[in-house]
Amino acid sequence: MTGSESKGLVLIVEDERHISDVQRLYLSREGFGVHVEADGSAGLAAARRMRPVAIVLDIGLPGMDGISFCRALRDAGDWTPVLLVTARGEEADRILGLELGADDYLTKPFSPRELVARVKTVLRRAAGPPVRPAESLGGLSVDPVSRTVRRGGEPVELTATEFNLLAHLLRHVGQVFTREQLLAQVWGYPGYRDTRMVDVFVSQLRAKLGDASPIRTVRGVGYSAIAPRT
């Protein structure tokens with residue numbers, strides 16, 4: 001679908017034609033423009049040429065696999081939301097993909113309606129929550145208008161999901177959130193069972209923020225942002 005009705009272009013990189021045909025059908029019905037590529041190298045070229053609003057990326061691709069695709073995309077400073085599609089036995093690759101900057105994942109087989117819902121959710125997260133005042137804690141500052149983070153005055157590159165998670169915790173300093181609460185409030189997935197994704201993103205934030213990270217683990221419960229000791 002094109003023109004004023006389109007919600008933007010979604011790039012599908014999937015080598016199984018019957019899967020990509022269904023994905024195209026359901027996303028098109030929801031008003032998205034859709035372009036499909038069947039291998040990683042062509043998909044990466046299409047991402048750079050077409051500037052899609054989101055990418056649905058299979059991990060097991062011929063040529064350049066989904067992990068290499070995601071790494072190349074992020075290394076080039078392209079933070080287009082990426083939804084990984086994985087097989088059940090690819091947990092290690094799935095975690096690696098998230099660590100490289102993917103925003104979410106689906107495990108085959110999945111409902112095409114769930115795919116559409118996930119694409120809409122990653123786009124909402126990329127757009128961010130309603131504008132709020134800038135947050136700061138210690139040497140860390142978060143500007144929700146420009147969606148930038150600075151540590152000691154220096155910029156820190158974060159994915160959309162990393163930014164939203166950090167901003168959410170900083171808006172509620174001292175409050176402890178369970179992983180399930182964070183999945184519902186940051187990811188938009190109430191009742192989602194795979195809480196491992198929260199741990200992966202917290203780990204990534206801590207690695208990027210270093211000593212300025214305000215996130216602490218509350219054993220047996222979840223996570224909280226705390227003010228630095230003075």
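Which side chain makes a polar contact with the side chain of aspartate 58? In this model, which is a predicted one, the partner is lysine 108, and the polar contact between the two side chains is 3.4 Å. I will begin there, move along to glutamate 16, and then go through two helix pairs and two further residues.

Aspartate 58 belongs to strand β3, residues 54-58. Is aspartate 58 buried or exposed? Its relative accessibility is 4%, so aspartate 58 counts as buried, the cut-off for buried being under 20%. Setting aside residues up to four places away in sequence, aspartate 58 touches Val13, Glu14, Asp15, Gly66, Val85 and Lys108.

Lysine 108 also brings us to glutamate 16. The side chains of glutamate 16 and lysine 108 are joined by a polar contact of 3.2 Å. Glutamate 16 sits in the loop that runs between β1, residues 9-13, and α1, residues 17-29. With a relative accessible area of 32%, glutamate 16 is partly exposed. One more point on this residue: its C-alpha atom is separated by 7.5 Å from the C-alpha atom of alanine 38, and the two residues are 22 residues apart along the chain.

Past the other end of α1 there is phenylalanine 32. This residue is placed in the loop between α1 and β2, the latter being residues 33-37. Phenylalanine 32 has 2% relative accessibility and therefore counts as buried. Which residue, 25 residues apart from phenylalanine 32 along the chain, has its C-alpha atom 4.9 Å away? That is lysine 7.

Now the helices, starting with α2 and α3. Helix α2 covers residues 40-50 and helix α3 covers residues 66-75; their axes are 10 Å apart, and the packing angle is about 25 degrees. That angle is why α2 is described as roughly parallel to α3, since angles under 35 degrees count as roughly parallel. The crossing of α2 past α3 is right-handed. On the α2 side the contact is made by Gly40, Gly43, Leu44, Ala47 and Arg48, and on the α3 side by Phe69, Ala72 and Leu73. Sorted by class, this contact has 5 nonpolar, 2 polar and 1 charged residues.

The second pair is α6 and α7. Helix α6 is residues 160-170, helix α7 is residues 179-187, and their axes come within 10 Å and cross at roughly 115 degrees. Therefore α6 is roughly perpendicular to α7. This crossing, too, is right-handed. What does α6 bring to the meeting with α7? From α6 come Thr161, Asn164, Leu165, His168 and Leu169, and they meet Leu182, Gln185, Val186 and Trp187 in α7. The residues of this contact divide into 5 nonpolar, 4 polar and no charged.

Leu169, one of the α6 residues in that contact, leads to the last stop, because Leu169 is also among the residues in contact with serine 224. Serine 224 is found in strand β12, residues 222-225. Serine 224 has a relative accessible area of 0%, so this residue is buried. Which backbone oxygen lies 3.1 Å from a polar atom of the serine 224 side chain? The backbone oxygen of glutamine 175 does. Apart from neighbours within four places in sequence, the contacts of serine 224 are Leu169, Gly174, Gln175, Val176, Pro214, Ile215, Arg216 and Val218.

That is the end of the tour.

How values were computed. Residues are numbered from 1 along each chain as its sequence is written. This is a predicted model: local features need pLDDT of at least 70, side-chain atom pairs count only at pLDDT 80 or more; totals for chains, interfaces and linings use all residues. Side-chain values use heavy atoms; hydrogens and water are left out. Axes are lines fitted to C-alpha atoms, for helices over the stretch in contact, and angles run from 0 to 180 degrees between N-to-C directions. Helices (H or I, at least four residues) and strands (E, at least two) are DSSP runs, numbered from the N terminus. Angles under 35 degrees count as roughly parallel, over 145 as roughly antiparallel, 65 to 115 as roughly perpendicular and the rest as oblique. A crossing is left-handed if the near helix is turned anticlockwise from the far one by less than a right angle, and right-handed if clockwise. Contact means heavy atoms within 4.5 Å. Ala, Val, Leu, Ile, Met, Phe, Trp, Tyr, Cys and Pro count as nonpolar, Asp, Glu, Lys and Arg as charged, and the others, Gly among them, as polar. Buried means under 20% relative accessible area, exposed over 50%, partly exposed in between (1.4 Å probe, protein chains only). A polar contact is a pair of N or O atoms within 3.5 Å; within protein, one must be able to donate a hydrogen and the other to accept it, and residues adjacent in sequence count only if both atoms are side-chain atoms.
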